[in-house]
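Please read the following points with the sequence and the coordinates open beside you. They are set out for someone who is meeting this structure here and wants to check each remark against the model.

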Amino acid sequence: MFVVVLDPAHGGTDTGARGSTGAVEKDLTLEIARATRTQLLQLGLHAILTRDGDEDPSFDDRAALANAQRSAILVSFHVSSTGQIGTARAYSYLFSTNPESAEAPAETRPHPASLLTPWVAAQESYVDASHRLADLIQAELARQF
C-alpha cells in the first residue's frame, strides 16, 4: 500500500519560526499536517505523521519512519515568516552531484566500505519526480490561496 508520510517540522523545545502575533511554526506545521492527513484519508490514501504531538523526533527518527514504509513519499511542512502574506510555496530538495571518480588511481580511490551511498544522495533517483510533485503542490497552493 502506498503511504504518504507527513512531517510537521520542529516540535518540543524547537519552536521554529515565530510570527508577529506569537504563532509558532511547530504548532502551525502540526495543524497543517493533521488537516492534510484528514484530507488524504478521506481520499482513501494511507497517511501517517512523523509526530502527532509536541515532541521533536530526530531527523534520523523521522527518516526511519519514512524509510520503513515499502512505498512512500515524504512531505515535510515548514512555515516561514518571509514572503507575501497569504501566499504559499512548495519546494523540492535538489541533491548535489558529486560523482565518485572511478577513473582515479587505486591508491586515491575510497575504501570499498566507504562506497555506501551517502545519506544526502540516497534519494537522488527521485529528484525529478520530487520536483514535479513540488510543482503540482505549488500550483494547487497558488490556486487555493
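1. In this predicted model, a convenient place to begin is helix H3, where Arg143 and Glu140 both lie, three residues apart, or about one turn of the helix. Arg143 forms a salt bridge with Glu140, and the closest N and O atoms of the pair are 2.7 Å apart. Arg143 counts as exposed because its relative accessibility is 58%, while Glu140, with a relative accessible area of 35%, is partly exposed.

2. Elsewhere, salt bridges that share partners join Asp7, Asp56 and Arg62 into one network. A search of the whole structure finds six salt bridges.

3. Asp52 deserves a separate look, since it pairs with Arg34 in a salt bridge whose closest N and O atoms are 2.8 Å apart. Asp52 sits in the loop between E2 and helix H2 (59-67) and Arg34 in helix H1, so this pair ties together parts that are 18 residues apart in sequence. Both partners are partly exposed, Asp52 at 39% relative accessibility and Arg34 with a relative accessible area of 34%.

4. Arg37 also forms a salt bridge with Asp52, here with the closest N and O atoms 3.5 Å apart. This pair again links distant parts of the chain, with Arg37 in helix H1 and Asp52 in the loop between E2 and H2, 15 residues apart.

5. Turning to the overall layout, the protein chain has three helices and three strands, and from the N terminus on these elements run β-α-β-α-β-α. Of the 145 residues of the chain, 25% count as buried. Among contacts between residues at least 6 apart in sequence, 69% join residues at least 24 apart.

6. Which residues make up the largest nonpolar core? The core consists of eight residues, namely Val4, Leu6, Ala33, Leu40, Ala47, Leu49, Val75 and Phe77. Strand E1 (2-8), helix H1 (25-42), strand E2 (46-49) and E3 each supply at least two residues of this core. Leaving aside residues up to four places away in sequence, Leu49 touches Leu6, Ala33, Arg34, Arg37 and Leu65.

7. Finally, Ala88 may be examined in the loop between strand E3 (71-77) and helix H3 (127-144). Ala88 counts as partly exposed because its relative accessibility is 28%. The C-alpha atoms of Ala88 and Gln144 are separated by 9.3 Å, although the two residues are 56 apart along the chain.

How values were computed
Residues numbered from 1 in each chain as written. Predicted model: local features only at pLDDT ≥ 70, side-chain atom pairs only at ≥ 80, totals over all residues. Heavy atoms only, no water. Helix = DSSP H or I, 4+ residues; strand = E, 2+ residues; numbered from the N terminus. Buried < 20%, exposed > 50% of the residue type's maximum accessible area, 1.4 Å probe, protein only. Core = buried A, V, L, I, M, F, W, Y, C linked by side-chain atoms within 4.5 Å. Contact = heavy atoms within 4.5 Å. Salt bridge = Lys/Arg side-chain N within 4 Å of Asp/Glu carboxyl O.
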